[in-house]
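Let's take a friendly walk through this structure, beginning with one loop residue and working outward to the fold as a whole.

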Amino acid sequence: MANLKEIRNRITSIKSTMQITSAMKMVSAAKLKKAQDAITAMRPYSSKLTELLQSLSATLDSDAGGVYSTEREINKVLLVTITSNRGLCGGFNSSIIKETVKTINEKYNDAAVDLLTIGKKGNDILSKEYTVIENRSSIFDDLTFDNVAEIAEQLMDLYVDGSYDKIEIIYNRFKNAATQIPQVEQFLPIQPIEGDENVNSDYIFEPSKEEIILELIPKSLKTQLYKAIRDSFAAEHGARMTAMHKATDNATELRDDLLLTYNKARQAAITNEILEIVGGAEALNN
């Protein structure tokens, strides 16, 4: 059994760890509320805009609106992976890394795949095995629509000039503080809605349908990427808050166990001292 000084040092160390994890939990909880409100408010707008764009795209030929919706033979693919810049958030980053590797190996095994990483943690791991054309982790320093729009424009240019035949986004979708769902979402080409969900031909468009689609496409794609990054941002804080909550609980349990061990060791030491005193007194009496 460790001596009392060693146990005291471990208890002090664990208490310090508890203070850190508890503080990180509270910080993430505060940031999560703001990030959750932002993504919750944005989802209906993004979903409706994407639905409208897909419906309109399905009715247009490739010349009218279609540089962004033309299907090509898939020879080169670009995957946009969204992770975090910081760790201590459980399996948040590892789930995206695993999903990226799975997508490359199972879905695009016969194609050339490049990556554009958003988030230092994903870039540090994935860049060791795959080609990363650019790391845009600095976006989290100032997460605004305008800054994300620059990345979206870059992706659109890469698709239009034929550098890539398909672009997909891999990110964690925020469900709640304890649950993040890895998503693989097609960015380009735009997928039209199948079946009878397309826009009814009785609609009157003013200005023309072609003008509307050409105006909506860039805005919709920028919004789609911004929503994905916002989703990942909220999921990151949820994952970190949950991880720090569990870490604090585990540290509390370990501290209590060590306190019990310390008290038992202290009690045993006191008992031994009493026995030595009693034994010495009996020896003197004899």
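## Starting at asparagine 75

Asparagine 75 sits in the loop between α2 (62–65) and β1. Keep in mind as you look around that this is a predicted model. Is asparagine 75 buried, exposed or partly exposed? Its relative accessibility is 43%, and a residue counts as buried only under 20% and as exposed only over 50%, so asparagine 75 is partly exposed.

Which residues does asparagine 75 touch, once neighbours within four places in sequence are left aside? They are Ala111, Ala112 and Asp165. Aspartate 165 is 90 residues away from asparagine 75 along the chain, yet their C-alpha atoms are separated by 6.5 Å.

## The chain as a whole

Stepping back, the chain holds six helices and five strands. Followed along the sequence, they come in the pattern α-α-β-α-β-α-β-α-β-β-α.

The chain has 286 residues, and 41% of them are buried. About 15,900 Å² of the chain is exposed, with carbon and sulfur atoms supplying 50% of that area. Among contacts with a separation of 6 or more, 79% are between residues 24 or more positions apart; the pair of asparagine 75 and aspartate 165, 90 residues apart, is one you have already met.

## The sheet

In what order do the five strands of the open sheet lie? The order is β3-β2-β1-β4-β5, and the pairing is mixed. At the edges are β3 (131–135) and β5, each of which pairs on one side only. On average, neighbouring strands in this sheet are turned by 25° against each other, direction ignored.

As a general reminder, strands of a sheet pair through backbone hydrogen bonds, either parallel or antiparallel. Strands β4 (residues 166–176) and β5 (residues 179–188) run antiparallel and are joined by nine bridges. These two strands form a hairpin, with two residues between them. To follow the register by eye, find glutamate 168, whose bridge partner in β5 is glutamine 186, and then asparagine 172, which stands opposite proline 182 in β5.

## Helices on the sheet

Helix α5 packs on the sheet and touches β1 (76–82), β2 (112–118), β3, β4 and β5. The direction of α5 makes about 45° with that of β5. Helix α6 lies across β1, β2, β4 and β5, and runs at about 40° to β4.

The two helices also pack on each other: α5 (residues 145–160) and α6 (residues 209–285) meet at an angle of about 115°, with their axes 9 Å apart. Their crossing is right-handed. On the α5 side the contact is made by Phe145, Val148, Ala149, Ile151, Ala152, Glu153, Leu155 and Met156, and on the α6 side by Pro218, Leu221, Lys222, Thr223, Leu225, Tyr226 and Ile229. Sorted by class, this contact has 12 nonpolar, one polar and two charged residues.

Leucine 214 also belongs to helix α6. Its relative accessibility is 49%, so leucine 214 counts as partly exposed. How far is leucine 214 from tyrosine 68 in space, C-alpha to C-alpha? The distance is 9.7 Å, although the two residues are 146 residues apart in sequence.

## A buried asparagine

Asparagine 123 is found in helix α4 (residues 120–126). With a relative accessibility of 14%, asparagine 123 counts as buried, because the cut-off for that class is under 20%. Not counting residues up to four places away in sequence, asparagine 123 touches Thr117, Val132 and Asn135.

## Two backbone details

Most residues other than glycine have a negative phi, and most peptide bonds are trans. Two places in this chain are worth a look with that in mind.

Leucine 88 has a positive phi of about 55°, although it is not a glycine. Leucine 88 lies in the loop between β1 and α3 (92–107), and is exposed, with a relative accessible area of 56%. The other place is the peptide bond from leucine 188 to proline 189, which is cis, with omega near 0°. Proline 189 is located in the loop between β5 and α6.

Conventions
Residues are numbered from 1 along each chain as its sequence is written. This is a predicted model: local features need pLDDT of at least 70, side-chain atom pairs count only at pLDDT 80 or more; totals for chains, interfaces and linings use all residues. Side-chain values use heavy atoms; hydrogens and water are left out. Axes are lines fitted to C-alpha atoms, for helices over the stretch in contact, and angles run from 0 to 180 degrees between N-to-C directions. Helices (H or I, at least four residues) and strands (E, at least two) are DSSP runs, numbered from the N terminus. A crossing is left-handed if the near helix is turned anticlockwise from the far one by less than a right angle, and right-handed if clockwise. Contact means heavy atoms within 4.5 Å. Ala, Val, Leu, Ile, Met, Phe, Trp, Tyr, Cys and Pro count as nonpolar, Asp, Glu, Lys and Arg as charged, and the others, Gly among them, as polar. Two strands pair if DSSP finds at least two bridges between them. Buried means under 20% relative accessible area, exposed over 50%, partly exposed in between (1.4 Å probe, protein chains only). Accessible areas come from the Shrake-Rupley method with a 1.4 Å probe; for residues, only the protein chains shown count as cover.
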